[in-house]
Amino acid sequence: MTAELNSLFIEKYPDGFKLGRVALEHKHSYRIWLEDREYLCTLAGKLAFEAVGREDLPAVGDWVAVQTSPGELKGVIKGILPRKSKFSRKAAGHVTEEQIVAANVDTVFIVNSLNDDLNLRRIERYLLLAWESGSNPVIILSKADLATDLDAKIDQVAAVAIGVPVIAVSVLEGMGLQELQPYLAPGKTVTLIGSSGVGKSSLVNYFTGYEKQLVQEIRETDDKGKHTTTHREMVLLPGGAILIDTPGMREIQLWTSEEGIKESFSDIEEYAEGCKFRDCSHLNEPGCAVRSAISEGLLSENRLVSYKKLQKELAYIDRKLDKKAQAEEKKHWKNISKEVRHHSKHKQK
Ligand SMILES: Nc1nc2c(ncn2[C@@H]2O[C@H](COP(=O)(O)OP(=O)(O)OP(=O)(O)O)[C@@H](O)[C@H]2O)c(=O)[nH]1
Ligand SMILES: [Mg+2]
Ligand SMILES: [Zn+2]
């Protein structure tokens, strides 16, 4: 915890409260790391009641103010401290709701396995989420022992991950893992994300030095993982860094991001500066610098398609969120006017 966080905590919360960190989330309780012990904590009624969305509830990695019961490893979460960063995606299903995968993360390890066909479009999605999170992405190409054309694959990934380190590793052969050490300095938090079976938990086990997390073979039929890890969890490394292991993501649903798209697609954004028209759609306008980059082989057409698709998706989410905010506002006023009517009725009597 930083000095800044500590003084914020002291300022905001009265004596008797303790500062802890959410390590794991159960259905109705949380495991909190607090003073070198693990506490089982519930949520204060007020906090639960006042929460408008899921983002108002504790997530793994959150710093929280806890009131502990004397003599027991139990407590009540009274408040969440401001998040320095949060890796979010849209919750699965039809609701337009933010789901925080991990909070207060310094680095996101985006893990992709080299035994799969590289899916550059998926990597772009992960990167978009990572840039938006406020933490730094690092792309890990796992299972390098199984790779053919390793250098070509690294180049392909580097082309869609501008300014992002791309590191090939193999837990099996102990390759490339030293390159991850700089991100695992004491007190740093790193979360691992990626599809099921890419080897996230295997990496966690490598760095803890024992079989902390369950690891399972992938299916032989289609090389897909079996969704072995079922919940997000903080793991403390011997060196003092913290890893957050997460379940394999089936779909990477975007969450709002203006900045993220600018960062992730800085190549296209840069070419677009040279377009003749400011609102150029890079279709067939004259003087389009993006199209000429494509025809010169400097940019791939697929990347432009992906950029447009992601932009559309984000605009759609933004519109939905707008509607949701309006609906909430409406409900709020409805409740107030109901109350007012109720009061005036009583007065008339
Ligand atoms: N060949 C090879 N296999 C690996 C390597 N790392 C992990 N594996 C294997 O990949 C399989 C899946 O690994 P996990 O660590 O369970 O994958 P995961 O990403 O945690 O999967 P979920 O928990 O389902 O999201 C296991 O059989 C591992 O032994 C590696 O470097 N090389
Ligand atoms: Mg796992
Ligand atoms: Zn253009």
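1. Strand E11 shows a two-sided arrangement of side chains: Thr189, Thr191 and Ile193 point one way, Val190 and Leu192 point the other way, and all of them are buried. In a regular strand the side chains alternate between the two faces of the sheet. The model discussed here is a predicted one. With 5 of its 5 residues buried, E11, which spans residues 189-193, is largely enclosed by the rest of the structure.

2. The pairing of E11 involves strands E8 and E13. Strand E8 (residues 107-113) runs parallel to E11 and is joined to it by 4 bridges. Within this pairing, Val108 is the residue that stands opposite Thr191 of E11. E11 also pairs with E13 in the parallel sense, here over 3 bridges. The residue of E13 that stands opposite Val190 is Leu243.

3. E13 has a further pairing, with E12. Strand E13 (residues 242-245) runs antiparallel to E12, and 4 bridges join them. Asp245 in E13 is the bridge partner of Glu233. The two strands, E12 and E13, form a hairpin with 5 residues between them. In the turn of this hairpin, Gly240 has a positive phi of about 100 degrees.

4. Helix H5 deserves attention alongside these strands. Because 7 of its 9 residues are buried, H5 is largely enclosed by the rest of the structure. The buried residues are Lys200, Ser201, Leu203, Val204, Asn205, Phe207 and Thr208. They pack against E8, E11, E12 and E13, and also against strand E9 (136-142). An α-helix has 3.6 residues a turn, so residues three or four places apart point the same way. After H5 comes Gly209, whose phi is positive, near 85 degrees.

5. H5 also contributes to the magnesium site. The magnesium ion (ligand 2) is coordinated at 2.0 to 2.1 Å by the OG atom of Ser201 and the OG1 atom of Thr229. Ser201 belongs to helix H5 (residues 200-208), while Thr229 belongs to the loop between H5 and strand E12 (233-236), so the pair ties together parts that are 28 residues apart in sequence. Ser201 and Thr229 are both buried.

6. Thr229 recurs in the surroundings of ligand 1. Of the 22 residues around this ligand, the ones that come nearest are Asp145, Ser196, Ser202, Thr228 and Thr229. In the case of Thr229, an N or O atom of the side chain is 2.8 Å from an oxygen atom of ligand 1. Backbone atoms also take part in such contacts. For Gly248, a backbone N or O atom lies 2.9 Å from an oxygen atom of ligand 1. For Leu172, a polar backbone atom is 3.3 Å from an oxygen atom of the ligand.

7. The zinc ion (ligand 3) has a site with 4 donor atoms. Its protein donors are the SG atoms of Cys275, Cys280 and Cys288 together with ND1 of His282, at 2.1 to 2.4 Å from the ion. The angles among the donor atoms are 103 to 116 degrees, and the site is tetrahedral. Along the sequence, the donor residues follow the spacing C-x4-C-x1-H-x5-C. Of these donor residues, Cys275 and Cys280 are buried.

8. Arg125 is a charged side chain worth inspecting in the viewer, and its location is in helix H3 (residues 120-133). Why does Arg125 count as buried? Its relative accessibility is 15%, and buried means under 20%, so Arg125 falls within that class. A polar atom of the Arg125 side chain lies 2.7 Å from the backbone oxygen of Ile252. Leaving aside residues up to four places away in sequence, Arg125 touches Ile252, Gln253, Leu254, Lys309, Leu310 and Glu313.

9. Some overall values complete the description. The protein chain contains 9 helices and 13 strands. Of its 349 residues, 44% are buried. Taken along the principal axes, the C-alpha atoms fill a box of roughly 80 × 55 × 45 Å. Among contacts between residues at least 6 apart in sequence, 65% join residues at least 24 apart.

Conventions:
Residues are numbered from 1 along each chain as its sequence is written. Chains are lettered from A and ligands numbered from 1 in the order in which they are written. This is a predicted model: local features need pLDDT of at least 70, side-chain atom pairs count only at pLDDT 80 or more; totals for chains, interfaces and linings use all residues. Side-chain values use heavy atoms; hydrogens and water are left out. Donors are N, O and S atoms within 2.8 Å of the metal (3.2 Å for Na, K and Ca); water is not among the atoms, so sites may look incomplete. Buried means under 20% relative accessible area, exposed over 50%, partly exposed in between (1.4 Å probe, protein chains only). Two strands pair if DSSP finds at least two bridges between them. Four donors count as tetrahedral if all angles lie between 85 and 135 degrees; four count as square planar and six as octahedral if opposite donors are over 155 degrees apart and all others between 65 and 115; anything else is irregular. A polar contact is a pair of N or O atoms within 3.5 Å; within protein, one must be able to donate a hydrogen and the other to accept it, and residues adjacent in sequence count only if both atoms are side-chain atoms. Contact means heavy atoms within 4.5 Å. A residue is near a molecule or strand if one of its heavy atoms lies within 4 Å of it.
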